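This report covers the fold first and the ligand surroundings afterwards. The sequence and the structure come next.

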Amino acid sequence: MHQDVAEILISEEEIRAKVKELGQQISRDYAGQDLLLVGILRGAMLFMSDLMREIDIPLNIDFMVVSSYGSGTSTSGEVRVLKDLDRGIEGRNVLLIEDIVDTGLTLNYLTKYLANRHPKSLKICTLLNKPSRRQIEVKVDYNGFIIPDKFVVGYGLDYNEYYRNLPYIGVLKPEIYRE
Ligand SMILES: O=P(O)(O)OC[C@H]1O[C@H](OP(=O)(O)OP(=O)(O)O)[C@H](O)[C@@H]1O
Ligand code: HPA
Ligand SMILES: [Mg+2]
């Protein structure tokens with residue numbers, strides 16, 4: 001275990017099993033339909049790449065780069081779109097792939113932002129969900145794990161841009177961040 005991590009909240013094996021289950025569920029739900037996965041970078045990169053390999057129906061992918069946390073452990077409250085989609089989504093079934101829904105500000109902003117482009121459907125798949133921290137309601141359609149109000153890192157999630165490469169979800173030791 002990394003020295004800055006207090007505890008492993010979700011192991012590699014648990015992540016793998018859950019990603020497989022979500023992939024099967026999505027494959028069933030979208031069978032015979034058009035599907036566009038939209039990965040919300042940077043956090044969702046590992047989840048997206050593992051999840052898409054567990055989906056066995058035809059699909060397209062696209063990415064957005066969005067940032068609101070900067071270098072700390074609390075949201076700036078301002079969602080910045082650093083990279084938008086490359087293609088239009090009008091009439092398409094769009095599934096947003098996120099690593100975590102925390103305050104809900106990012107996904108609340110993004111669903112409004114993308115709904116303007118008139119997709120046929122717009123749903124949300126997140127690996128992690130911290131409902132106790134919600135500031136604004138977000139309807140999550142596919143949910144991996146409900147987690148407690150702790151700042152987590154690994155499997156794509158960062159603190160100050162580090163720890164994204166840890167293969168598990170860990171709770172960062174509070175002495176690493178002082179806020
Ligand atoms: O529900 P919220 O409180 O809005 O938090 C969730 C968002 O925050 C993180 O992104 P961040 O802004 O840290 O960018 P990153 O993906 O590059 O780490 C995370 O990847 C989600 O996109
Ligand atoms: O717990 C978290 N860890 C890392 N990034 C985050 N962005 C929102 N919540 C978190
Ligand atoms: Mg971040």
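Helix α2 lies across β2, β3, β5 and β6, and runs at about 155° to β2. The model is a predicted one. The buried residues of α2, which spans residues 45-53, are L46, F47, M48 and L51. Their cover includes α1 (12-29), β2 (36-41), β5 and β6 (121-129).

**Sheets**

Two open sheets are described here. In general, the strands of a sheet pair through backbone hydrogen bonds, either parallel or antiparallel. One open sheet has six strands in the order β4-β3-β2-β5-β6-β7, with mixed pairing. Its edge strands are β4 (80-83) and β7 (142-146), each of which pairs on one side only. Neighbouring strands in this sheet are turned by 30° against each other on average, direction ignored. At one end of the order, β3 and β4 pair in the antiparallel sense over three bridges. V66 has V81 in β4 as its bridge partner.

The other open sheet has three strands in the order β1-β9-β8, and the pairing is antiparallel. Here β1 (5-10) and β8 (152-153) are the edge strands, and each pairs on one side only. Between β1 and β9 (residues 169-172) there are four bridges in the antiparallel sense. I8 stands opposite G170 in β9.

E13 lies in helix α1. Is E13 buried or exposed? E13 has 9 C-beta neighbours inside 10 Å and therefore counts as exposed, the limit for that class being 12 or fewer. The C-alpha atoms of E13 and Y168 are separated by 8.6 Å, although the two residues are 155 residues apart along the chain.

**Overall fold**

In total the protein has three helices and nine strands. From the N terminus on, the elements run β-α-β-α-β-β-β-α-β-β-β-β. The radius of gyration is 16 Å, close to the 16 Å that the globule rule gives for 179 residues, so the protein is as compact as a globular protein of that length. The C-alpha trace spans about 50 × 35 × 25 Å along its principal axes. Of the 179 residues, 31% are buried. Among contacts between residues at least 6 apart in sequence, 65% join residues at least 24 apart.

**Ligand surroundings**

Which residues come nearest to ligand 1? Of the 18 residues around ligand 1, these are G43, Y69, D102, T103 and T106. The elements that give two or more residues to this shell are β3 (60-67), β5 (93-101) and α3 (105-115). The most comes from β5, with four residues.

Ligand 2 is surrounded by Y69, I100, D102, F151, V152, V153, L157 and D158. Y69 and D102 are thus named for ligand 2 and also among the residues that come nearest to ligand 1.

The table gives the make-up of each shell by residue class.

| Shell | Nonpolar | Polar | Charged |
|---|---|---|---|
| Ligand 1 | six residues | seven residues | five residues |
| Ligand 2 | six residues | no residues | two residues |

The shell around ligand 1 therefore includes seven polar residues, with Gly counted as polar, while the shell around ligand 2 has no polar residues. The two charged residues of the ligand 2 shell are D102 and D158, because Asp counts as charged.

Conventions: Residues are numbered from 1 along each chain as its sequence is written. Chains are lettered from A and ligands numbered from 1 in the order in which they are written. This is a predicted model: local features need pLDDT of at least 70, side-chain atom pairs count only at pLDDT 80 or more; totals for chains, interfaces and linings use all residues. A residue is near a molecule or strand if its C-beta atom, placed from the backbone, lies within 6 Å of it. The radius of gyration is taken over C-alpha atoms; the globule rule is 2.2 Å times the number of residues to the power 0.38. A residue is buried if 20 or more other C-beta atoms lie within 10 Å of its own, exposed if 12 or fewer, and partly exposed in between; C-beta atoms are placed from the backbone. Two residues are in contact if their C-beta atoms, placed from the backbone, lie within 7 Å. Two strands pair if DSSP finds at least two bridges between them. Axes are lines fitted to C-alpha atoms, for helices over the stretch in contact, and angles run from 0 to 180 degrees between N-to-C directions.
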